[in-house]
Amino acid sequence: MVCLPRKADSILLNGLMDSCEEIITINDLNYKYLTCNNAFLKHFNLTSQAQIIGKTVFEMLQADNADCIKKNIDEAIKSKKPQSYIFKVLMVEGSKIVHQTSTPLIKDGKVQYILSISRDITKDELMKEELIRKNVQINTMLEYMPVLLYMKDKNKQYLIGSKYAKDFVFYGIDNYADGLQIDLSLAQGNINAEDNYVLNNKSSLVIEKSAKDKNGEMHWYNVLKAPILREDNSIDGLVTIARNIDKQKLLESQKDLFIATLVHDLKNPLLAQISCIDQCCNGLFGELNDTQKEILSITLESANYMKDMLYTLINTYKYDNGNIKLNIKETNIAELIKTCIREIKSLAKERNLNLIFTSNINDKDATADVDLKQIRRVISNLLNNGVNYAYENTDFNISLETDGEFLKIAMENIGPPIDEETQEHLFEKYISKANRFQKVGFGLGMYLSKQIMEAHGGSISYQGNGDFCKFILEIKRKNTNAPQKINW
């Protein structure tokens, strides 16, 4: 408790009364003001204490605020203890929220005066309200978000999550997937490895993963794990978002089955047609005039093109589903390129293209352990594209050279530019620039080529600058630890 000196004014240091930003007042037991600091005067746009002294809180403040102060002063007098309280002040420029503490000043065991200190806490209260509002929003989001979302600390201990996330983390129960229960004893090792990767590398992880349930059946999840970083970039934990994709996988399987069945049903009659047309062109059923030969040749070419599209589609889905088994053999890549070039010479001649093949390595160094049929498909696809899209009366350069442990095949031509947006997605499914140049395109050739090259431990890339177009294949050379057999 504080004892008030003989003169109330001397209770406050002059400096405090002059410069303190908090409002300081002293009232008698009848709620009249005895003194105040400059902040109080400034608040009421007054110039001297004479305008305040002797007035009660009811004369200076709004009725509800005065009642609040009176109530707390009475309690301070009664209990002889400080009272803290909050009230709102309505002003021309808006409202302010004020925190005030009224402290009894005691002498000889009796309360003589009341010292009140108040400060503007509007920003603090608004911030608190905003935090409460955001907390409600987050809790609402976690309650109704239909995915497994949860956070762990840096020791991988569960902190908070969406409505059913805790059941999943601790018991493997996915209530978003009809109560599916994952066998955590089998999954925990992978979960720890994933968490460690995110925490140790401060890097996000996006994966599609499988997990078995208690009955041994396989289920699929899309999982995103990301680090939670502090301002100093130190790790604070990680957040995980997981979603069951069993239904999507079933739809994909049904789609793949439909396409596989459709392709199979189309392939057999198409091959029969090709064989029949080929026999007609060779005069097996009698001599043909020039017009008949030309028509049948065009039909045969179209049928063979359709056959190539069907086989591309078949192989694409085989790679996607992991059903490709590569037949790895030692292959002379230089001779393979020459064979592929011979196959497109007639097409190049029609467009008056000059095919130029150069190689700075001998046959011995040009060998690689590959699936000849699959690599031939890639080279032929790029050569056909190059011839189809190149400007007429230009050069089409094909080169072969060594680059460390790789054989590097480059194909360069001059043709219509590929825009940046198409370049970014060039090796994805169903991306084709054919529609821009009124040519037939299926949009799977580049995607399949990328799958084949990566299955061989190689790569395919594109470089373009205006009309200049260049595709690069890299294939591991023989005796560079290339796999002898790859099962998919």
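Which residue in β2 is the bridge partner of N27? In this predicted model, the partner is Y33. The pair belongs to a ladder of three bridges through which β1 and strand β2 (residues 33-36) run side by side in the antiparallel sense. A hairpin links these two strands, with five residues between them. Within that hairpin, Y31 takes a positive phi near 75°.

Strand β1 (residues 23-27) has another partner to consider. With strand β5 (residues 110-120), β1 forms five bridges, again in the antiparallel sense. To find this pairing in the structure, a handy place to start is I23, which stands opposite S118 in β5.

How well covered is β1, and what does each of its faces show? The strand is mostly covered, with five of its five residues buried. In a regular strand the side chains alternate between the two faces of the sheet. In β1, I23, T25 and N27 lie on one side, while I24 and I26 lie on the other. Both faces are covered, and these residues are all buried.

Attention now turns to strand β12 (residues 235-244). Strand β6 (residues 148-153) is joined to β12 by six bridges, and the two run antiparallel. Here M151 can serve as a guide, as its bridge partner in β12 is V239. Strand β11 (residues 218-229) is likewise antiparallel to β12, and nine bridges join the two. Along this pairing, Y221 stands opposite N244 in β12. The hairpin of β11 and β12 has five residues between the strands, and there N233 takes a positive phi near 70°.

Strand β11 also brings the surface into view, for L224 is located in this strand. Together with V206 and I241, L224 forms a nonpolar patch on the surface. The accessible area of the three residues together is about 250 Å². Why does L224 count as partly exposed? The reason is its relative accessibility of 33%, which falls between the limits of 20% for buried and 50% for exposed.

A loop residue rounds off the picture. D183 is found in the loop between β9 (180-181) and α7 (184-201). Is D183 buried or exposed? D183 counts as buried because its relative accessibility is 13%, and buried means under 20%. Leaving aside neighbours within four places in sequence, the residues in contact with D183 are K212, D213 and K214.

Key
Residues are numbered from 1 along each chain as its sequence is written. This is a predicted model: local features need pLDDT of at least 70, side-chain atom pairs count only at pLDDT 80 or more; totals for chains, interfaces and linings use all residues. Side-chain values use heavy atoms; hydrogens and water are left out. Two strands pair if DSSP finds at least two bridges between them. Helices (H or I, at least four residues) and strands (E, at least two) are DSSP runs, numbered from the N terminus. Patches are made of residues with over 30% relative accessible area and no salt bridge: like charges are joined within 9 Å, nonpolar side chains (Val, Leu, Ile, Met, Phe, Trp, Tyr) within 5 Å. Accessible areas come from the Shrake-Rupley method with a 1.4 Å probe; for residues, only the protein chains shown count as cover. A salt bridge is a side-chain nitrogen of Lys or Arg within 4 Å of a carboxyl oxygen of Asp or Glu. Buried means under 20% relative accessible area, exposed over 50%, partly exposed in between (1.4 Å probe, protein chains only). Contact means heavy atoms within 4.5 Å.
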